[in-house]
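Reader: Please explain how the descriptions of this model are justified.

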Amino acid sequence: MPISVNVIPELGLLHNVYSGRITIEDFLHQKKQRGTDPNFHMNMPRVNDLSQVTEVDIGFKELLAHAISTRESLSEVPEPIQLILVGESKSITPAVAMYESLYAACGIPFEMNIVPGYPEVLELLNLPPDSLKLFPEFCRLESHLF
């Protein structure tokens, strides 16, 4: 599965790890999967790790339809949702730019940040360094920076 979905209730956030080739079907599956977790709520911060993505196979029309659907599902969210994208690479930069632009144009209430690693994630979310232990092991590679 190209997307691993993990709600971390101790931190009150959703952590998605994307890998390999990502399609719109993967986005839809991720939405369905997170909805089955009783600890998930729509306005929780989201950390999307893109460091293992090799290709994004999502067209403009597919992403636009997804953005419109997302806007509708978030219509009741009172405050912008913090969305942090981790590990952007040159191979996915155009897809991330399209995602960011479409979501902004559609008025989706995300406060989006793109960061190189987990020290920046913890800083943006105002979390202590020891909270890194709640993330998958590969996320701790930069723990020496704390």
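The exchange below sets values against their definitions.

Author: This is a predicted model, in which local features need pLDDT of at least 70 and side-chain atom pairs count only at pLDDT 80 or more, while totals for chains, interfaces and linings use all residues. Residues are numbered from 1 along each chain as its sequence is written, and side-chain values use heavy atoms, with hydrogens and water left out.

Reader: What makes the radius of gyration of the chain agree with that of a compact globule?

Author: The radius is taken over C-alpha atoms, and the globule rule is 2.2 Å times the number of residues to the power 0.38. For 146 residues a compact globule would have a value near 15 Å; the chain has 15 Å, and therefore the two agree.

Reader: Which elements does the chain have, and in what order do they run from the N terminus?

Author: Helices (H or I, at least four residues) and strands (E, at least two) are DSSP runs, numbered from the N terminus. The chain has four helices and five strands, in the order β-β-α-β-α-β-α-β-α.

Reader: What percentage of the residues count as buried?

Author: Buried means under 20% relative accessible area, with a 1.4 Å probe and protein chains only. Of the 146 residues, 43% count as buried.

Reader: Which elements have the lowest and the highest mean pLDDT?

Author: pLDDT is the predictor's confidence in each residue, from 0 to 100. Helix H3 (residues 93-105) has the lowest mean among the elements, 89, and strand E4 (residues 81-86) the highest, 95. The chain averages 90, and 96% of the residues score at least 70.

Notes:
Buried means under 20% relative accessible area, exposed over 50%, partly exposed in between (1.4 Å probe, protein chains only).
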